[in-house]
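Here is a report on one protein structure. It takes up ring pairs, helix packing, sheets and backbone turns.

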Amino acid sequence: MIRAVAAALLFAGCLAAQTAPVPRIVAKDGRHALMVDGAPFLMLGAQANNSSAWPAMMPKVWPAIHALNANTLEIPIYWEQFEPEPGRFDTSTVDLLLKQAREHKVRLVFLWFGTWKNGSSHYTPMWMKRQRDRYPLIVGAKGRTVDSPSPHAPATLEADKRAFAAFMRHLKAVDPQRTVIMVQVENEPGSWGSIRDYSPAAQKLFDGPVPGELLSALGKQPGSWAQVFGADADEFFHAWSVARFVGQVAAAGKAEYPLPMYANAALRDPLKPGPPGSYESGGPTDNVIGIWKAAAPALDLVAPDIYMSDSARYLKVLELYHRPDNALFVPETGSSPAYARYFFSVLGNQGIGFSPFGVDYTGFSNAPLGAARMNEETLAQFALNYKVVGPMMREIAKLSFEGKVQAVAEEKETHSRTLDFGDWTAVVSYGTPGFGRGDNPRGNAEPTGRALVARLGPNEFLVTGLFCRVDFRNADSGKQREFLRVEEGAYANGVFKPSRLWNGDQTDWGLNFTSAPQVLRVTLGTF
Ligand code: DGJ
């Protein structure tokens with residue numbers, strides 16, 4: 001009898017696994033959701049270091065992922081490992097990563113380190129590197145070979161399409177559980193060291209007409225690249241060429257298994273962009289998002305890798321990549337504590353995921369990015385974010401898709417922010433609060449404050465924060481607000497379970513959040 005029940009359960013489990021819907025990104029009214037297992041999912045991500053996706057390194061990766069309370073690991077798949085000889089695919093690492101991720105109850109985003117990795121082609125297999133005539137690099141304006149693959153090489157494109165398709169085909173076969181929820185196609189594609197390819201083959205295309213698809217997408221009149229785009233021609237030509245290539249690789253993979261796919265960008269300065277050539281050229285920088293959309297429709301989104309810790313730039317980048325036609329996702333960001341609070345800014349911009357970079361205990365430290373040696377102490381501020389939001393990530397993702405979430409992070413010199421919900425406004429004051437009337441906090445010593453407010457009903461809000469105070473004003477009536485009930489609790493299986501009521505010192509001057517991960521359901525009235 002027990003055996004029969006066990007067999008039936010196993011069968012039901014297999015059936016459920018087989019029928020788990022394929023993750024996808026959906027859009028409605030200009031907002032987006034990453035659907036995983038049929039419901040909106042918020043990716044609390046962490047990306048491992050570049051050389052950490054080897055079996056011997058994984059024991060140093062998982063503890064950091066757990067210390068962070070992450071629900072998703074972003075980790076590379078190296079083309080050189082996956083296809084050591086032409087046409088022979090080694091799926092052992094993919095399989096191992098899947099198995100371990102399931103054991104650790106963590107989802108995966110695989111990063112296809114294919115033709116491009118940070119503008120170069122260092123992850124292509126050795127058999128390709130040894131045939132540069134067949135798999136060429138680009139040529140700079142002065143005729144010098146540049147360490148960046150040519151997007152005009154048919155053999156490179158075909159090889160990448162074939163390998164990526166094999167990878168996606170395998171994934172489809174071995175992942176009915178949908179452990180993998182997204183795939184990054186290439187890594188920071190584009191070129192450093194030249195704005196475009198000046199090889200004779202590329203020059204011929206550059207002198208030819210701008211493709212009709214791009215003209216109609218951008219509403220331009222026909223002409224050569226120089227005629228249509230003037231001073232931007234070199235850069236836009238390269239963006240089109242790289243995006244066209246990446247889009248075809250993505251399409252070949254999607255034909256096998258249609259997981260959400262994206263390309264990531266090495267950014268240009270969003271406030272004072274330097275001239276073309278001073279940043280990586282050809283990737284999905286903010287000025288060419290439209291070109292990428294037209295050239296690579298198989299990609300679901302383009303995503304910013306944000307390594308600028310000042311809030312003016314950080315927030316501008318979020319604004320530029322949060323578009324009705326582009327779900328906001330931050331697949332990489334600095335892992336020094338100063339970046340942690342921006343998780344809330346991402347939520348405030350309807351982001352579907354966030355991921356600090358270089359999260360593992362392999363001992364690597366990327367000093368120029370300000371990342372101190374990775375340990376629990378340096379990860380603490382990020383861990384706190386995910387500890388607060390993790391248990392309710394499904395609810396937050398759903399509320400966000402419905403347009404009901406507002407969230408902010410402290411900016412230097414700005415001590416307070418007002419969130420407009422129409423009839424109610426929420427006032428966030430940064431700093432660890434004191435208790436006197438009018439004694440609103442005046443900022444933290446370092447900007448660490450963050451808050452999230454989501455509307456649950458007419459006079460009901462979900463509120464959480466760290467190092468700040470949140471209070472409400474009734475904008476409609478001008479009457480004074482009254483906390484009718486403030487429940488601290490947590491979501492369990494979609495239901496908010498209160499553990500206590502806040503009152504007295506905890507509510508008399510506003511809702512005071514320290515470093516304790518606390519979530520409140522607040523019912524408001526007026527008098
Ligand atoms: C951005 C790249 O996408 C990452 O793979 C990594 O190289 C970081 N820069 C820097 O460590």
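Are Phe-206 and Phe-237 buried or exposed? Both are buried: Phe-206 is, and so is Phe-237. The model is predicted.

**Aromatic pairs**

The count of aromatic pairs comes to 29. One of them joins Phe-206 and Phe-237, with ring centres 5.3 Å apart. Their planes stand at 80 degrees, so the pair is edge-to-face; over 60 degrees counts as such. Phe-206 belongs to helix α7 (residues 200-207), and Phe-237 to helix α10 (residues 233-256). The pair therefore ties together parts that are 31 residues apart in sequence.

Phe-461 and Phe-472 make another pair. Their ring centres lie 5.0 Å apart, and their planes are at 35 degrees, so this pair is tilted. Strand β18 (residues 460-466) holds Phe-461, while strand β19 (residues 468-474) holds Phe-472. The parts tied together here are 11 residues apart in sequence. Phe-461 and Phe-472 are both buried.

Ring pairs also build a cluster. Its members are Trp-79, Phe-82, Phe-89, Phe-110, Trp-112, Phe-164 and Phe-167.

**Helix α6 and its neighbours**

Phe-167 of that cluster also takes part in a helix contact, on the α6 side. Helix α4 (residues 92-103) packs against helix α6 (residues 154-174) at an angle of about 40 degrees. The two axes are 11 Å apart. The crossing of α4 and α6 is right-handed. From α4 come Val-94, Asp-95, Leu-98 and Arg-102. From α6 come Phe-167, His-170, Leu-171 and Val-174. The residues of this contact divide into five nonpolar, one polar and two charged.

Thr-156 also lies in α6. Why does Thr-156 count as buried? Its relative accessible area is 3%, and buried means under 20%. Leaving aside residues up to four places away in sequence, Thr-156 touches Trp-79, Thr-115, Met-128, Arg-134, Tyr-135, Pro-136 and Phe-245. Trp-79 is thus named twice here: as a contact of Thr-156 and as a member of the ring cluster.

**Helix α2**

Which residues of helix α2 (residues 58-67) are buried? They are Met-58, Val-61, Trp-62, Ala-64, Ile-65 and Ala-67. Their cover includes strands β4 (43-47) and β5 (72-78). It also includes helices α4 and α14 (376-389). Helix α4 therefore appears in two settings: in the cover of α2 and in the packing with α6.

**Two open sheets**

Strands of a sheet pair through backbone hydrogen bonds, either parallel or antiparallel. One open sheet has three strands, in the order β1-β2-β3, with antiparallel pairing. Its edge strands are β1 (24-28) and β3 (39-41), each of which pairs on one side only. The twist averages 55 degrees from one strand to the next. Five bridges join β1 to strand β2 (residues 31-36), and the two run antiparallel. Val-26 stands opposite Ala-33 in β2. Helix α15 (residues 393-401) lies across β1, β2 and β3. Its direction is at about 105 degrees to β3.

Another open sheet has four strands, in the order β15-β16-β19-β22. The pairing is antiparallel here as well. The edge strands are β15 (416-420) and β22 (511-513), and each pairs on one side only. From one strand to the next, the twist averages 20 degrees. Strand β16 (residues 424-430) pairs with β19 over seven bridges, in the antiparallel sense. Trp-424 stands opposite Asn-474 in β19. Strand β19 also carries Phe-472, of the tilted pair.

**Asparagines with positive phi**

Most residues other than glycine have a negative phi. The asparagines below have a positive one.

| Residue | Phi | Place |
|---|---|---|
| Asn-69 | about 65 degrees | just after α2 |
| Asn-118 | about 50 degrees | loop between β6 (107-117) and α5 (126-129) |
| Asn-493 | about 50 degrees | loop between β20 (481-492) and β21 (495-501) |

How exposed is Asn-118? At 33% relative accessibility, Asn-118 counts as partly exposed. Asn-493 has 82% relative accessibility, so it counts as exposed.

Note on methods. Residues are numbered from 1 along each chain as its sequence is written. This is a predicted model: local features need pLDDT of at least 70, side-chain atom pairs count only at pLDDT 80 or more; totals for chains, interfaces and linings use all residues. Side-chain values use heavy atoms; hydrogens and water are left out. Axes are lines fitted to C-alpha atoms, for helices over the stretch in contact, and angles run from 0 to 180 degrees between N-to-C directions. A crossing is left-handed if the near helix is turned anticlockwise from the far one by less than a right angle, and right-handed if clockwise. Contact means heavy atoms within 4.5 Å. Ala, Val, Leu, Ile, Met, Phe, Trp, Tyr, Cys and Pro count as nonpolar, Asp, Glu, Lys and Arg as charged, and the others, Gly among them, as polar. Buried means under 20% relative accessible area, exposed over 50%, partly exposed in between (1.4 Å probe, protein chains only). Two strands pair if DSSP finds at least two bridges between them. Rings of Phe, Tyr and Trp (its six-membered ring) pair if their centres lie within 6.5 Å; planes under 30 degrees apart count as stacked, over 60 as edge-to-face and the rest as tilted.
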